[in-house]
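Trainee: I should like to go through the terms used for this structure and see what each of them rests on. May we begin with the vocabulary of secondary structure?

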Amino acid sequence: MNPQSTLPPTPAALPPKTGDPSAAGGRRDKDPRSEVRLFAGLGHVALAVWAVIVIVPILWTFLAAFKNTSEIFSSPWTLPAELRWENFGRAWTKAHVGRYFLNSVLVVGCSTFGTMLLGSMAAYVLARYRFWGNRAIYYLFVSGLAFPVFLALVPLFFVVKQLGMLDTYQGVILVYIAYSLPFTIFFLAAFFKTLPTSVAEAGMIDGCGHSRLFFQVMMPMAKPGLISVAIFNIIGQWAQYQLPLVLLSNAKDKWVLTQGIADISVNAGYEADWSGLFAALTIAILPMIIVYAVFQRQIQAGLTSGAVK
Amino acid sequence: MRHGKYPFVIGFLFAPVALYVTFVIWPYAQAFQISMTNWRGLSAPQWVGFDNYRRLLDDGAFWKAVQHHGVLLLALPLITIAIALFFAFLLNVGGKSSGGQRQGVWGAKFYRVVFFFPQVLAVAIIAVLFQMVYRPNESGLINGVLMKIGLEPILFLVKPNLALWSILAVLVWQAVGFYVVLFSAGMASIPGEIYEAAEMDGASRVTLFFRVTLPLLWDTLQVAWVYLGIAAFDAFAIVAVLSVDGGGPDGATTVLAMEIYRNAFVYSKYGYASAMGVALFFLTLTFAALTLRLTKRESVEY
């Protein structure tokens, strides 16, 4: 359908047409202007309300992290009487948030690196080399996008168990990599296809080998795509809850942050250490705010890259 | 590019394919097989054919979970997309127009940054955060206020008919920002001349939205619907952490992922849990196929 042809001039907007067509280069100003003001006014209220809904729970958590239990119960909306930094100390050491945090950094660091390395290697070969079975392997990877992880949860648990990698870092890391490959390859294969062939050919003529060509010529050229996918993977793997819950259940010292915080929240109920829980939450959220503030543009581009074809 | 092509290709593909087959393809294939057995982990699995699936049909928890997916599947995309579209429209074309160039409202950049932020947080962390927000006594963010002004506290997560909606609200809270950014990108690619032309014809903001923005954004909306639908079929982390005893009260918020997890790793009913997994797989597939079929329409060229 053609949007222009289906646009009858609405009665409300008709009067100014007979008004002053000379104003501002043919734009009709009088009526639209008041309409703009009303619309923008209401819009501003809605936007501000949503911003408050997003910010307040987080800010409230940060404030509560400095309170003691009686303050949390008696005055949830006031500022803490004093800054009780000891809540953070308790969360970091006694509740092991520090440990969980570093575990998350280790696991996500290794698995994102592995995903990017293996993913880009596979995507590059699949995108730029013709060989028997190319399409079959490509579709094998891409079909993984359609399957829910829960379908495989039980067998996956036993596969990892049989390999002796239950409750180990390497088990989780390898599983993260495997489940990140479909999207990574899907996205990067499309990206490598768009890179010009002339550079690669020039490299080959200069006697550059296949792997050198990949690591020294193609990888740097694919940098924007690689960054987008890396961010996508980091955020996704950082947020993983289900897989570590199943794969690391008996190794509390290796738990990642999501698992740890969920566990602290259960224990906070028993021990009534609410301020400790708020402090733990703050430790989990604050670094994300800082990272987001710095890389906001890249993160938005990276996360939405999957949806924008 | 002739010499040494195959060793290179095999060398580059070996590790990724091996990893992928071991941890993804092989478990998926096994899931179908295990779902036909009564395996409990101790003795060798016995073949029981479709028994597990027959039992699924009489399982109240399973049907409750399916029903909740139905609710989430309709409500989550509908609410999220409606809010996100409204905001995206305001942020991109809601402001004044100068020389036909549509502008967003004042502060658009700030709003976009703030709205998107929850997307960066892990769902499990958000679930813990909202446990505090929803707490049923003075220490809760919402009930603290309600009780201060003398109202009865709302038992968000304890009341069976309210619990699922409370969880849904958190999912919407997290998702809106992502779709605002997604729709903004879509709106930015709509040529300004179209808006200009529509304005010349005297179209109001509302008309602009329904007659210009919406039809030209159809493809993006379709993608959003599929994404949110897939999210509605997952919802494990949020239900496991936020709801009262994992899908409670009394199964009022349970989802299939929760039931799979419980059957497999609490009751050790591996065969039965796998059957649920297969059911979930076909539900997801049906949804994706239906969505693409139902929303198919001629896309607008511009």
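Mentor: A helix here is a DSSP run of H or I with at least four residues, and a strand is a run of E with at least two. Please keep in mind that the model is a predicted one.

Trainee: With that definition, what are the helix and strand percentages of residues 225–244 of chain B?

Mentor: Residues 225–244 of chain B are 85% helix and 0% strand, and the C-alpha atoms at the two ends lie 29 Å apart. For residues 270–292 of chain B the figures are 100% helix and 0% strand, with 33 Å between the end C-alpha atoms.

Trainee: Which annotation covers these two stretches of chain B?

Mentor: An unreviewed UniProt entry gives "transmembrane region" for several spans of chain B, including 225–244 and 270–292. Such annotations may be inferred rather than shown by experiment. For chain A, the spans that UniProt lists under that name, again in an unreviewed entry, include 100–126 and 274–295. Residues 100–126 of chain A are 100% helix, with end C-alpha atoms 37 Å apart, and residues 274–295 of chain A are also 100% helix, with a separation of 32 Å.

Trainee: Why are α13(A) and α5(B) called roughly parallel?

Mentor: Helix α13 (residues 257–271) of chain A packs against helix α5 (residues 123–133) of chain B at an angle of about 20°, and their axes are 8 Å apart. Angles under 35 degrees count as roughly parallel, and therefore α13(A) is roughly parallel to α5(B). Their crossing is left-handed.

Trainee: Which residues make the contact, and how do they divide by class?

Mentor: A:Thr258, A:Ile261, A:Ala262 and A:Ser265 contribute from α13(A), while B:Ala124, B:Ile125, B:Val128 and B:Gln131 contribute from α5(B). By class there are five nonpolar, three polar and no charged residues. Ala, Ile and Val count as nonpolar, whereas Thr, Ser and Gln fall among the polar ones.

Trainee: How many residues does each chain bring to the whole contact between the chains?

Mentor: Chain B brings 91 residues and chain A brings 84. On the side of chain B, helix α1 (residues 5–34) supplies the largest share, 21 residues. That side of chain B comprises 69 nonpolar, 15 polar and seven charged residues.

Trainee: What is known of the confidence in chain A?

Mentor: Chain A has a mean pLDDT of 81, and 86% of its residues reach 70 or more. Among its elements, helix α5 (residues 97–128) of chain A has the highest mean, 93, and helix α1 (residues 15–18) of chain A the lowest, 38. Over residues 1–30 of chain A, pLDDT stays under 50.

Conventions: Residues are numbered from 1 along each chain as its sequence is written. Chains are lettered from A and ligands numbered from 1 in the order in which they are written. This is a predicted model: local features need pLDDT of at least 70, side-chain atom pairs count only at pLDDT 80 or more; totals for chains, interfaces and linings use all residues. Axes are lines fitted to C-alpha atoms, for helices over the stretch in contact, and angles run from 0 to 180 degrees between N-to-C directions. Angles under 35 degrees count as roughly parallel, over 145 as roughly antiparallel, 65 to 115 as roughly perpendicular and the rest as oblique. A crossing is left-handed if the near helix is turned anticlockwise from the far one by less than a right angle, and right-handed if clockwise. Two residues are in contact if their C-beta atoms, placed from the backbone, lie within 7 Å. pLDDT is the predictor's confidence in each residue, from 0 to 100.
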